[in-house]
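Reader: Before I accept the words used for a structure, I would like to see how each of them is reached. Could you take me through the reasoning?

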Amino acid sequence: MKNSIREELTEHLNETIENIGSNDEIHYHAFNMGYYIIGYYQAEQWLKKHGLEVFEAIGICQEFEKEHFGELLTTYDNAETLVKNLVYWYGLELCNELELS
């Protein structure tokens with residue numbers, strides 16, 4: 001995970017904890033309740049901001065899916081879905097590192 005993403009997601013996680021408190025479902029509340037970025041253009045800009053190419057991000061998401069589910073389940077047909085899933089997986093990784101999930 002790139003440092004810029006780690007910093008942003010850590011800040012988002014801390015804000016979520018401030019708002020709802022730390023609990024067993026913190027990953028869900030922080031990274032899975034809705035889309036992290038709304039809008040295709042905004043999601044494309046988010047990827048660019050963090051120096052990620054679309055196919056690089058798709059590959060990262062597919063690796064996580066294969067590792068956790070043994071198969072590919074998601075169709076990445078727009079940047080909004082791609083960022084949502086990338087943030088989901090990176091958020092899970094971050095919560096595990098911080099022992100929050």
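Author: What follows is a set of questions about a predicted model, each answered from its computed values.

Reader: What makes up the chain, from the N terminus on?

Author: The chain has five helices and zero strands, and its elements run α-α-α-α-α from the N terminus.

Reader: How do you know whether the radius of gyration of the chain agrees with that of a compact globule?

Author: A compact globule with 101 residues would have a radius of gyration near 13 Å, and because the chain has 13 Å, the two agree. The C-alpha atoms fill a box of roughly 35 × 30 × 25 Å along the principal axes, and residues 24 or more positions apart account for 67% of the contacts with a separation of 6 or more.

Reader: Which residues of helix α3 are called buried, and why?

Author: In α3, which spans residues 40–49, the buried residues are Ala43, Trp46 and Leu47; they are called buried because each has under 20% relative accessible area.

Reader: Why are these residues said to lie on the same side of α3?

Author: Ala43, Trp46 and Leu47 cover an arc of only 100° around the axis, which puts them on the same side of α3. On the other side, Tyr41, Lys48 and Lys49 are exposed, a word that calls for over 50% relative accessible area.

Reader: What do the buried residues of α3 pack against, and what follows that helix?

Author: The buried residues pack against α1 (3–20), α4 (54–69) and α5 (79–97), while α3 is followed by Gly51, whose phi is positive, near 70°.

Note on methods: Residues are numbered from 1 along each chain as its sequence is written. This is a predicted model: local features need pLDDT of at least 70, side-chain atom pairs count only at pLDDT 80 or more; totals for chains, interfaces and linings use all residues. Side-chain values use heavy atoms; hydrogens and water are left out. Helices (H or I, at least four residues) and strands (E, at least two) are DSSP runs, numbered from the N terminus. The radius of gyration is taken over C-alpha atoms; the globule rule is 2.2 Å times the number of residues to the power 0.38. Contact means heavy atoms within 4.5 Å. Buried means under 20% relative accessible area, exposed over 50%, partly exposed in between (1.4 Å probe, protein chains only). The arc is that of the directions from the helix axis to the C-beta atoms.
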